[in-house]
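Hi everyone, thanks for making time this morning. I'd like to walk you through one model, starting with where its chains meet and then turning to one of them in detail. Please have a look at it first.

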Amino acid sequence: MTFDPTLSRRRLIAAGAAVAGAAALPGLAQAQARKPLTLLNVSYDPTRELYKDVNAAFGAFWRKRTGQTLTINQSHGGSGKQARAVIDGLEADVVTLALAYDIDEIATRAKLLPANWQSRLRNNSAPYTSTIVFLVRKGNPKAIRDWSDLIKPGVQVITPNPKTSGGARWNYLAAYAWAVKQPGGTPAKAEAYLSALFKNVPVLDTGARGSTTTFAERGLGDVLLAWENEAYLSLEEFGPKFDIVYPSLSILAEPTVALVDKNVDRHGTRLAATGYLNFLYSPLAQDLIGKHHFRPRDPKALAKYGAKFRKLPLVTIDGQFGGWQKAQATHFADGGVFDRIYKS
Amino acid sequence: MNPSIRLPGIAPLFVALTLAILGVLIVFPLGVVFQQAFSKGFAAYLEPLTQPDALHAIRLTLIVAAISVPLNAVFGVAAAWAVARFEFKGKSLLVTFIDLPFSMSPVVSGLVWVLLFGAQGWFGPWLQEHNVKIIFATSGLVLATVLVTLPFVARELIPLMQDQGADEEAAALTLGAGGFTTFWRVTLPNIKWALLYGVLLCNARAMGEFGAVSVVSGSVRGLTTTLPLHVEVLYNDYEFVGAFAAASILASLGLVTLVIKTFLEWRHSGELSAGRRH
């Protein structure tokens with residue numbers, strides 16, 4: 001981690017101001033209606049509906065607590081693409097992306113937040129988890145039950161581009177983990193398996209939502225590798241045209257959230273943005289998270305919605321791949337495994 | 001009148017083929033846009049268009065066009081004037097550069113501004129220090145649109161002004177008119193219909209541009225999404241009726257442009273550039 005003394009001093013002052021501000025809040029709220037505030041949440045693709053609800057709930061909560069009107073703007077797209085936009089100057093107050101690596105990129109390339117950002121919030125800064133499942137056409141006409149079925153001839157697989165989409169990287173890694181864990185599985189065999197899998201992929205969208213519309217609305221492909229939440233949402237949006245298939249093994253996806261320090265300090269929104277992220281762990285937000293088919297951390301919300309979240313063996317990014325930095329460098333960097341298999 | 005030749009048997013075949021291709025590639029998809037937009041009735045069509053985000057997208061689209069089209073008109077007249085009236089070294093190079101945006105992918109037209117003005121770009125740190133926002137703001141959208149639509153007015157005027165020659169202007173000058181009066185009373189009246197024609201096409205493209213603006217937009221809904229970007233947002237939100245309703249506005253814009261364009265070609269073909277006469 002690099003240490004910049006001027007930066008950290010500024011951060012200390014800002015933190016001090018935030019604490020002082022918090023202490024003065026109730027008095028201020030009564031004294032005057034405070035200036036309206038705007039936050040920008042730059043997020044990944046399948047959280048559109050979730051954050052619409054969360055933003056409304058937090059806006060109401062904030063108003064009641066502080067008397068201040070808070071508008072929360074949303075931007076959605078493939079997780080990698082969104083991180084790139086923030087690096088290029090899209091002034092996000094908070095980022096809520098599909099995986100930790102994309103926020104690491106913002107920290108290392110643009111230095112907008114400290115490298116240790118992931119330890120600042122509970123549960124690895126992931127207020128919910130999810131996993132990767134299969135969405136197939138009603139009645140499962142191609143009999144797709146597990147990862148091995150995806151490389152059969154004549155099966156078309158829809159998944160987004162791992163270069164730009166976070167969900168696609170989880171898809172890829174789940175497939176890889178399954179292949180390595182087969183009897184006699186080796187990295188070379190897993191690579192061959194993925195190579196065969198991607199030969200069955202007719203189109204790579206840039207984000208998870210693009211893939212879902214490709215599969216569900218445009219009717220392309222036999223199976224969609226999807227976020228669990230995205231799969232349930234498709235059932236809701238398109239009626240009973242699809243079935244969800246849980247493979248024998250998948251991956252524990254931890255979409256992470258972070259405060260973008262430099263941007264909140266420039267906007268004077270640190271207090272509200274911090275409150276927003278903490279709010280994601282509150283029972284109210286956790287309930288919304290469960291309602292939108294993400295796996296909540298809160299035991300109560302999990303108990304309420306838990307029935308639909310099937311228990312299945314899940315590998316973790318740290319346990320199986322040695323963390324995101326290593327996984328990214330090995331598989332998704334230029335010249336990595338994905339480039340090799342996709343070109344071949 | 002163009003001379004036409006009669007080839008019995010073959011001519012009707014070509015006409016039929018052209019009509020069939022036009023039908024399949026243009027009329028049918030356009031019909032689908034409207035059919036989808038109205039698939040749940042007129043109320044369902046209007047509802048998404050009156051949402052704050054949609055209204056903002058429409059307003060932003062109009063603002064971007066209102067800034068970039070006049071800029072292009074001024075540039076187009078200046079460039080055409082320079083090219084048609086003066087001889088100078090590198091003239092053909094200049095004409096090539098004016099044409100460049102036509103042959104360049106719009107993504108590039110967006111990306112160059114990110115490379116220049118993005119936070120990691122050449123001027124990024126300076127802009128941030130002075131709190132100037134270009135990328136992911138309205139100014140970025142305008143820049144991208146201006147670059148994409150740059151050739152429209154100039155391309156329309158250059159052939160016409162070359163065609164017309166400088167005789168009338170020379171006459172005005174000999175009769176004692178100043179430069180500005182000559183431009184205002186002689187040049188401008190001569191090119192006004194062609195200018196309008198160019199502005200019209202420029203405007204249609206400015207309002208419909210997707211690629212370049214998508215690069216510099218950041219797609220913050222209700223803030224930096226123009227109408228074409230709003231269509232994408234709605235489509236990805238599973239709001240299919242809303243997406244097609246917004247698309248139908250863009251399609252209608254195209255149709256209105258077409259009507260005015262046809263009228264201009266019919267009524268003022270003599271005053272449009274040589275290539276437009278028919």
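So, the contact: 29 residues of chain A and 20 residues of chain B take part in it. Before I go further, please keep in mind that this is a predicted model. How much area do chain A and chain B bury between them? The value is about 2000 Å², and carbon and sulfur atoms account for 51% of it. Which residues of chain A lose the most area to chain B? They are R48(A), D88(A) and R266(A), and together they make up 24% of what the chain A side buries.

Now let's turn to chain A as a whole. Its secondary structure comes to 16 helices and 12 strands. The radius of gyration of chain A is 21 Å, and the globule rule gives 20 Å for 344 residues, so chain A is as compact as a globular protein of that length. If you prefer dimensions, the C-alpha trace of chain A spans about 70 × 45 × 35 Å along its principal axes.

What about the inside? Of the 344 residues in chain A, 58% are buried. Looking at contacts in chain A between residues at least 6 apart in sequence, you'll find that 75% join residues at least 24 apart.

And on the outside, chain A exposes about 14000 Å², with 57% of that supplied by carbon and sulfur atoms. Last item, the charges: chain A has 43 positive and 29 negative ones, and the mean positions of the two sets are 3 Å apart.

That's my tour; over to you.

Notes
Residues are numbered from 1 along each chain as its sequence is written. Chains are lettered from A and ligands numbered from 1 in the order in which they are written. This is a predicted model: local features need pLDDT of at least 70, side-chain atom pairs count only at pLDDT 80 or more; totals for chains, interfaces and linings use all residues. Side-chain values use heavy atoms; hydrogens and water are left out. Helices (H or I, at least four residues) and strands (E, at least two) are DSSP runs, numbered from the N terminus. The radius of gyration is taken over C-alpha atoms; the globule rule is 2.2 Å times the number of residues to the power 0.38. Buried means under 20% relative accessible area, exposed over 50%, partly exposed in between (1.4 Å probe, protein chains only). Contact means heavy atoms within 4.5 Å. Accessible areas come from the Shrake-Rupley method with a 1.4 Å probe; for residues, only the protein chains shown count as cover. Lys and Arg count as positive and Asp and Glu as negative; His and the chain ends are not counted. The place of a charge is taken as NZ of Lys, CZ of Arg, CG of Asp or CD of Glu. Buried area is the accessible area (1.4 Å probe) that two parts lose on being put together, summed over both.
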